[in-house]
Amino acid sequence: RKVYHKAHRDILKRKIKDINKLKLDNTDRLTIAGYDEFLTFIDDECNKDVKTNSTELIEEISLAQLFAVSLGLLTMSFNSEESSENLLPLDWISDSLTPNPNFVIQALLSQITTYSQSIIKLCQNGFDNPARALVRVTIELIQQTLVLTANKHDLRSYVNAHEDHEASMVWHKLFGKGKLDKKLTEIEKELGLTDDLINSTKTARQGAHTFYSQNIHHSFTASCVGSRAWSFDDDSSRISLFGGASTSLRVPLNELNTNLWYFNTVFLSILKKIHGIKLSNPEKGFWLPYFAVRDAASEIYISGSLQKHGRLG
């Protein structure tokens with residue numbers, strides 16, 4: 001590993017030469033080879049961290065990958081190009097038939113999938129704080145997608161906001177000042193969830209929002225704790241520079257898995273119970289592969305969740 005770009009390498013050589021002129025003797029002179037060795041060292045250490053994290057966090061990473069794959073298959077199932085395979089009627093948003101609601105939902109699902117895969121990659125490489133910040137963004141994207149799917153009026157407002165100032169105004173109108181949380185609670189009631197379960201999910205949502213907002217706003221605690229990589233073997237830690245192997249990466253991975261499980265549980269229920277939309281031909285597209293991966297990931301998640309709470313012997 002070295003500075004490959006020729007122009008960049010030439011500039012670095014020139015700067016090294018300038019610095020070396022300031023030295024009164026010839027000891028410890030800077031060299032381009034020294035920088036190449038340093039970059040190689042960083043690369044080698046990062047590869048070791050990826051291997052350690054992938055081994056120590058294999059259950060969390062494997063489950064997250066299953067959930068991400070399920071969302072990818074769901075994304076491809078919302079085929080907006082073949083009208084015969086459209087799940088949502090074309091006039092679902094507008095009588096003008098534009099935009100195609102299947103395209104809009106597909107775009108949102110694609111973003112959830114991409115963000116999820118990005119979090120997995122960040123965790124494998126040991127970037128804890130960036131992963132947590134992206135978890136916060138992904139949680140909000142998941143929640144907004146569920147609300148927009150449940151409320152056609154909100155979806156119409158959403159797709160009509162094209163300019164930056166319009167998008168900001170619509171976001172505050174639809175989701176700001178606790179509206180997002182209230183709408184999710186309304187959806188859960190409409191789906192028939194019990195009061196205890198609704199209160200539990202609401203508490204979890206609010207707790208996650210508060211906790212991961214620290215990473216978005218770079219609070220003192222989040223910045224200091226997040227700057228350390230915590231050993232898998234003991235309570236020691238080291239500075240997490242260029243990533244690192246860290247047991248703390250379980251936290252963002254578990255949060256991602258919880259929210260992807262929640263999304264997979266609620267999304268199609270919204271279409272079926274709120275809108276009365278059912279799959280007419282699940283053998284077309286990627287629906288059957290989606291159901292297989294979704295159900296496998298959900299079973300793994302629920303089993304692990306129950307075991308952690310001592311409910312399975």
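This briefing walks through the charged, polar and nonpolar features of the structure above. The model is a predicted one, so please read every value below as computed from it. A search of the whole structure finds 11 salt bridges, and three of the pairs are described here one by one. The surface carries a patch of negative charge that includes Asp235, a patch of positive charge to which H8 gives the most residues, and a nonpolar patch of about 530 Å².

**Salt bridge within helix H1**

- Lysine 6 and aspartate 10 form a salt bridge, and their closest N and O atoms are 3.0 Å apart.
- The two residues are about one helical turn from each other, because they sit four residues apart in helix H1 (residues 6-21).
- Lysine 6 counts as exposed because its relative accessibility is 60%.
- Aspartate 10 has a relative accessible area of 35%, so this residue is partly exposed.

**Salt bridge between helices H8 and H9**

- Aspartate 181 pairs with arginine 205 in a salt bridge whose closest N and O atoms are 2.7 Å apart.
- This pair links distant parts of the chain, with aspartate 181 in helix H8 (residues 179-190) and arginine 205 in helix H9 (residues 195-216), 24 residues apart.
- Both partners, arginine 205 and aspartate 181, are buried.
- The pair also belongs to a wider arrangement: Asp181, Glu188 and Arg205 are linked in a network of salt bridges.

**Salt bridge between arginine 294 and aspartate 295**

- Arginine 294 forms a salt bridge with aspartate 295, and here the closest N and O atoms are 2.9 Å apart.
- With a relative accessible area of 18%, arginine 294 falls under the 20% cut-off and is therefore buried.
- Aspartate 295, at a relative accessible area of 40%, is partly exposed, because that value lies between the 20% and 50% limits.

**A buried asparagine in helix H4**

- Asparagine 102 is part of helix H4 (residues 101-124).
- Its relative accessibility is 0%, so asparagine 102 counts as buried.
- The side chain of asparagine 102 reaches two backbone atoms: the nitrogen of leucine 87 at 3.1 Å and the oxygen of leucine 88 at 2.9 Å.

**Charged patches on the surface**

- The negative patch is a gathering of Glu56, Asp233, Asp234 and Asp235.
- Within that patch, aspartate 235 lies in the loop between strand E1 (228-230) and strand E2 (237-239).
- Aspartate 235 is exposed because its relative accessible area of 74% is over the 50% cut-off.
- The positive patch brings together Lys173, Lys177, Lys179, Lys182, Lys189 and Lys202.
- Helix H8 gives the most to the positive patch, with three residues.
- Lysine 173, another member of the positive patch, lies in helix H7 (residues 164-174).

**Nonpolar patch on the surface**

- Phe38, Phe41, Ile239, Leu241 and Phe242 make up a nonpolar surface patch of about 530 Å².
- One of these residues, isoleucine 239, is found in strand E2.
- Strand E2 (237-239) also borders the loop that holds aspartate 235, a residue of the negative patch.

Technical notes: Residues are numbered from 1 along each chain as its sequence is written. This is a predicted model: local features need pLDDT of at least 70, side-chain atom pairs count only at pLDDT 80 or more; totals for chains, interfaces and linings use all residues. Side-chain values use heavy atoms; hydrogens and water are left out. Patches are made of residues with over 30% relative accessible area and no salt bridge: like charges are joined within 9 Å, nonpolar side chains (Val, Leu, Ile, Met, Phe, Trp, Tyr) within 5 Å. Accessible areas come from the Shrake-Rupley method with a 1.4 Å probe; for residues, only the protein chains shown count as cover. A salt bridge is a side-chain nitrogen of Lys or Arg within 4 Å of a carboxyl oxygen of Asp or Glu. Lys and Arg count as positive and Asp and Glu as negative; His and the chain ends are not counted. The place of a charge is taken as NZ of Lys, CZ of Arg, CG of Asp or CD of Glu. Buried means under 20% relative accessible area, exposed over 50%, partly exposed in between (1.4 Å probe, protein chains only). A polar contact is a pair of N or O atoms within 3.5 Å; within protein, one must be able to donate a hydrogen and the other to accept it, and residues adjacent in sequence count only if both atoms are side-chain atoms.
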